[in-house]
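Let's take a friendly walk through the pockets of this protein and the ligand that goes with it. Have the viewer ready, and we will go one site at a time.

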Amino acid sequence: MWQSGGMRRLWLTTEEYASRRGVSDAYVRRLAGAGQIPGAEKRGGQWLIPVLEPGPEETAMRTIAVFNQAGGVGKTTLALNLGYHFASRGLKVLLVDLDPQATLTAFLGLVPADLEVTVYDALLRRGGLPIHRNLAGMDLVPSNILLAGAEQELVSALNREGRLRKALDEVRAAYDVALVDCPPSLGLLAILGLAASDFVLVPVQTHFKAYLGTDQLLRTVDGVRQELNPNLKVVGFVPMQYAKGTQHDRDVLEALTAQLAERGPVLTPVPQAADFKKATVEAKPLALFNPRHPAVQVLEETAEHIMGALYGQSRGEVRS
Ligand SMILES: Nc1ncnc2c1ncn2[C@@H]1O[C@H](COP(=O)(O)OP(=O)(O)OP(=O)(O)O)[C@@H](O)[C@H]1O
Ligand SMILES: [Mg+2]
């Protein structure tokens, strides 16, 4: 076992890893043999797979805003799926839907219009966070269309940018990670999300439009850092809906990586896959809908990277 900064690295056998992932041992051995599980090592004829987990003394909740003002880039999909991968490592995960479209709420099988209490009430009425428990192993603070009025109503409110952070203070002891799914805008709701967070995770599409939009996005992050939340860090950019087979996507990925590298790591692209859409119809993360989908392995890797960053550690830490 490796341990440092409250994190421990466990080495799982292929059987243990397969059982966590809900796939067969033979499949995991095949993946490892093909070099598709980063960090896997063969020892004494056995594959061992490294997995980061928080140590028992690790308690402070980390908050991650999933943010991009561009619509439809994969914010909600990423928040839901990463949340699942964190939870499957034993982290207590809270998802916060900060989007009046309430896609995350719907992706988890709730009917937004039927909800009487949502994140809106916590922000506007200081009623405490309404929490729906154990949806695919995670807890959710839902949203619905009423949140659309919040930006207007908060205009003259005291400490409006700090409202979500304050609401989250009440539940810090109960969770390891909170993921805040921001709406596709640079408006007040997104600012509330960024002001409440320790980290910002940015899904980007490998399209030319994404290439143009990131400057504006990073200026907003810088503004929040300067005015409201000096500790905000960019934990990474995740290219989403990546079509490896097209020259256009490969070119844009290369250009984006060059453009963004100085602002944060550009993580492994999540491939374009119809199963993401199909999984949402069944209100499931991809790993539950189709555990053998190659994108699940990418999400595992992304979760592993982010956990390392959350707990101040990256791969290849000093052995204790
Ligand atoms: N890697 C992917 N491959 C294929 N489809 C995807 C992928 N990621 C997300 N999608 C689909 O793209 C659509 C938009 O994704 P999602 O809702 O996560 O984006 P978003 O950034 O949250 O959108 P919004 O800006 O409206 O909040 C959804 O239908 C989702 O299922
Ligand atoms: Mg969304």
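Which element gives the largest share of the shell around ligand 1? That is α3, with three residues. Keep in mind as we go that this is a predicted model.

Let's stay with ligand 1 for a while. Its surroundings comprise 19 residues, and those that come nearest are Gly72, Lys75, Thr76, Thr77 and Ala273. Sorted by class, the shell holds eight nonpolar, eight polar and three charged residues.

Now zoom in on the oxygen atoms of the ligand. One of them is 2.5 Å from an N or O atom in the side chain of Thr77. For Asp99, a side-chain N or O atom is 3.4 Å from an oxygen atom of ligand 1. Gln241 also takes part, with a polar side-chain atom 3.4 Å from a ligand oxygen. How much of the accessible area of ligand 1 does the protein cover? On its own the ligand has 630 Å² of accessible area, and the protein covers 88% of that.

Next, look at the space itself. Ligand 1 takes up the largest pocket. Two elements, α3 (75-87) and α11 (274-281), give two or more residues to the shell around the ligand. The volume of this largest pocket is about 450 Å³. Its lining is made of 22 residues, and Gly72, Gly74, Thr77, Phe107 and Gln241 lie nearest the centre. Thr77 is thus a good residue to keep highlighted: it lies among those nearest the pocket centre, and its side chain makes the 2.5 Å approach to a ligand oxygen.

Which elements build the lining of the largest pocket? At least two residues each come from α3, α4 (103-107) and α11. Here α11 supplies the largest share, four residues, whereas in the ligand shell the largest share comes from α3. The lining consists of nine nonpolar, 10 polar and three charged residues.

Finally, turn to the second largest pocket, with a volume of about 340 Å³. It is lined by 15 residues, and nearest its centre you will find Lys244, Pro269, Pro271, Pro294 and Val298. The elements giving two or more residues to this lining are α2 (25-33) and α13 (294-310), and α13 gives the most, with four residues. By class, the lining of the second largest pocket has nine nonpolar, four polar and two charged residues.

Key:
Residues are numbered from 1 along each chain as its sequence is written. Chains are lettered from A and ligands numbered from 1 in the order in which they are written. This is a predicted model: local features need pLDDT of at least 70, side-chain atom pairs count only at pLDDT 80 or more; totals for chains, interfaces and linings use all residues. Side-chain values use heavy atoms; hydrogens and water are left out. A residue is near a molecule or strand if one of its heavy atoms lies within 4 Å of it. A polar contact is a pair of N or O atoms within 3.5 Å; within protein, one must be able to donate a hydrogen and the other to accept it, and residues adjacent in sequence count only if both atoms are side-chain atoms. Accessible areas come from the Shrake-Rupley method with a 1.4 Å probe; for residues, only the protein chains shown count as cover. On a 1 Å grid over the protein atoms alone, a cavity is a set of points where a 1.4 Å probe fits but cannot get out, and a pocket is an open set with protein on both sides within 12 Å along at least five of seven lines; lining residues have an atom within 4 Å of a point. A molecule sits in a cavity or pocket if more than half of its atoms lie within 2 Å of its grid points. Ala, Val, Leu, Ile, Met, Phe, Trp, Tyr, Cys and Pro count as nonpolar, Asp, Glu, Lys and Arg as charged, and the others, Gly among them, as polar. Grid points are joined across faces, edges and corners, and a volume is the space filled by probe spheres set on the points.
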